[in-house]
Structure formats: structure tokens, C-alpha cells
Amino acid sequence: MTPFLAEFLSTAILILLGNGVVANVILNKTKGNGGGWIVITTAWALAVFVGVVIAGPYSGAHLNPAVTIALAIAGKFEWGLVPEYVLAQLLGAMVGASVVWLKYIDHFRATEDKGLKLAAFSTGPAIKNTTANLFSEIIGSFVLLFVIFYITSAEISDTKTPVGLGSIGAIPVMFLVWAIGLSLGGTTGYAINPVRDLGPRIMHAILPVSEKGSSEWSYAWIPVVGPIIGGSLAALLYNVLN
């Protein structure tokens with residue numbers, strides 16, 4: 001296992017489980033059809049937990065270019081490694097989205113609504129408003145990164161001896177993503193991760209999805225730029241405060 005492979009595999013599984021729950025809830029004739037927002041946000045949070053568990057020991061489990069860039073701005077990650085991590089994350093997201101399509105291919109065929117088919121790949125605004133949509137992605141990503149900077153490892157208080165938590169150390173990030181989804185996700189679908197949106201959107205354009213519509217490229221820059229701005233602002237504020 002290498003950092004590149006860890007980021008690739010963990011992001012692929014993140015998207016497999018995250019986009020998988022969206023497909024399960026919104027596509028026709030699935031057993032999860034109509035499950036609703038609570039189901040989607042909960043599964044996305046658990047997907048992040050799974051991804052962090054896989055990659056944590058090998059790459060630090062970024063799974064998100066906004067995280068990688070913010071950590072570099074904060075001086076906690078080498079700038080020279082940023083392109084490698086981002087490439088691994090993007091490729092992983094593309095593979096994960098492709099597997100979701102294969103998994104739900106009959107249900108894509110059974111769904112007539114082209115918008116729902118796209119939604120099983122990438123995010124979109126509930127109400128189109130460029131400024132508001134961009135702000136939504138900025139604030140959600142700001143909260144994600146700002147809180148991540150302050151998540152601390154467990155220790156024995158008397159001796160300050162670190163306690164290895166193993167996989168359960170990923171639980172705080174899981175709850176953080178869950179909270180963001182429940183509280184801030186209703187406006188744009190809370191991409192809060194450039195490759196979470198871009199990778200699947202690329203695959204929506206490439207794959208032979210039955211009777212698909214537009215990949216909505218005019219909107220695609222918002223879930224890419226917004227999270228990077230939000231994460232960068234969180235890193236800059238963290239640097240000022242610390």
C-alpha cells in the first residue's frame with residue numbers, strides 16, 4: 001500500500017458508498033427508493049468513515065483535494081505531494097462512480113427522469129443561484145476543514161501519553177460530515193469535495209447511461225471551486241489563530 005493507492009482506493013469506496021446511497025434512494029424500483037435525506041446524509045457520513053479507515057494509516061486519509069490543499073496551506077502537508085494526492089482522489093472518484101452505475105444499471109434504465117440519473121452521479125442546486133450556491137459550498141467546506149484542524153487525538157491526561165484509537169479515530173470526522181449534510185446540505189447537496197462531484201460528473205458524460213441528459217457542465221465549477229475556497233479560508237484562519 002502506498003499513499004497514492006490508499007487515496008485512490010479510499011476515495012473510490014467513498015464514492016461507491018456515497019453515490020450508492022443516492023442511487024438507492026432516488027432511482028426507480030430500488031428497495032431503498034424514497035428513503036429520504038436522513039438516509040442519504042447518514043450513509044455519506046458512514047462512507048467517509050469507511051474511507052478514512054482504509055487510508056488513514058497510509059496517506060492520512062485526505063480523500064478530498066480541499067483537505068489536501070488546506071493542509072498544505074496550514075503547513076501540515078508538503079506542497080510537492082498535492083498533485084499526486086489530487087490525481088489519486090480524482091481517479092478513485094471516477095472508478096467509484098462507474099461501479100455505482102454498473103451496480104444500479106437496471107435501475108438507471110427504469111428511471112425516466114434525466115435529472116435523477118445525473119443526481120446519482122453528481123450534485124446540483126435545489127434553487128439555481130450562482131452566488132448562493134457558491135457560498136453554500138464555501139461555508140460547508142470551511143466548517144469541514146476548520147473543525148478537522150481542531151480534532152485532537154486521545155491521550156491519558158495525567159501523562160499526556162497518546163492513545164492509539166485505530167479505526168475508531170475516524171468517528172469524529174464521520175459525525176462532522178453528518179452534521180454538515182443535515183444542517184447545510186439541502187441547498188446544493190454539499191459536495192464539499194471537488195472530486196466527489198467532478199469525477200462522477202466526468203463519468204456521467206462518458207458512460208453509456210441509458211437516455212441520460214446533460215451533465216450540467218455550466219454548474220460543475222461551483223462544487224470544485226467552492227470547497228477549495230472554503231478549505232483555504234479555514235486554513236488561513238487556523239494559521240492566524242494558532
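Ser 122 sits in the loop that joins helix 6 (114–119) to helix 7. In this predicted model, Ser 122 is buried, with a relative accessible area of 3%. Beyond residues up to four places away in sequence, Ser 122 touches Arg 196, Asp 197 and Arg 201. The points below turn to helix 7, to a buried threonine that contacts this helix, to an alanine of helix 2 and to a nonpolar patch on the surface.

**Helix 7**
- Helix 7 spans residues 130–150, 21 residues in total.
- From the first C-alpha to the last, helix 7 reaches 31 Å, close to the 30 Å expected at 1.5 Å a residue.
- Its buried residues comprise the nonpolar and glycine positions Leu 134, Ile 138, Gly 140, Leu 144, Leu 145 and Phe 149, together with Asn 133, Ser 136, Glu 137 and Ser 141.
- The cover over these buried residues includes helix 3 (65–73), helix 8 (171–184) and helix 10.

**Thr 188**
- Thr 188 belongs to the loop between helix 8 and helix 9 (194–206).
- The relative accessible area of Thr 188 is 0%, so this residue counts as buried, the limit being under 20%.
- A polar contact of 2.7 Å links the side chain of Thr 188 to the side chain of Glu 137, and Glu 137 is itself one of the buried residues of helix 7.
- The side chain of Thr 188 also reaches the backbone nitrogen of Tyr 190, at 3.5 Å.
- Apart from neighbours within four places in sequence, the contacts of Thr 188 are Thr 123, Gly 124, Pro 125, Asn 133, Ser 136, Glu 137 and Tyr 219.

**Ala 45**
- Ala 45 lies in helix 2, which covers residues 37–59.
- With a relative accessible area of 1%, Ala 45 is buried.
- Once neighbours within four places in sequence are set aside, Ala 45 is in contact with Met 174, Val 177 and Trp 178.
- Ala 45 and Ile 206 are 161 residues apart along the chain, and their C-alpha atoms are separated by 28 Å.

**Nonpolar surface patch**
- Trp 221, Val 225, Ile 229, Leu 233 and Leu 236 make a nonpolar surface patch of about 400 Å².
- Leu 236, one of these residues, is located in helix 10 (residues 222–241).
- Leu 236 has a relative accessible area of 47% and is therefore classed as partly exposed, because this value falls between the limits of 20% for buried and 50% for exposed.

Conventions:
Residues numbered from 1 in each chain as written. Predicted model: local features only at pLDDT ≥ 70, side-chain atom pairs only at ≥ 80, totals over all residues. Heavy atoms only, no water. Patch = residues over 30% accessible without salt bridge, like charges linked within 9 Å, V, L, I, M, F, W, Y side chains within 5 Å. Areas by Shrake-Rupley, 256 points an atom, 1.4 Å probe, with all protein chains shown as cover. Salt bridge = Lys/Arg side-chain N within 4 Å of Asp/Glu carboxyl O. Helix = DSSP H or I, 4+ residues; strand = E, 2+ residues; numbered from the N terminus. Buried < 20%, exposed > 50% of the residue type's maximum accessible area, 1.4 Å probe, protein only. Expected span 1.5 Å × (residues − 1). Contact = heavy atoms within 4.5 Å. Polar contact = N/O pair within 3.5 Å; in protein donor to acceptor, adjacent residues only side chain to side chain.
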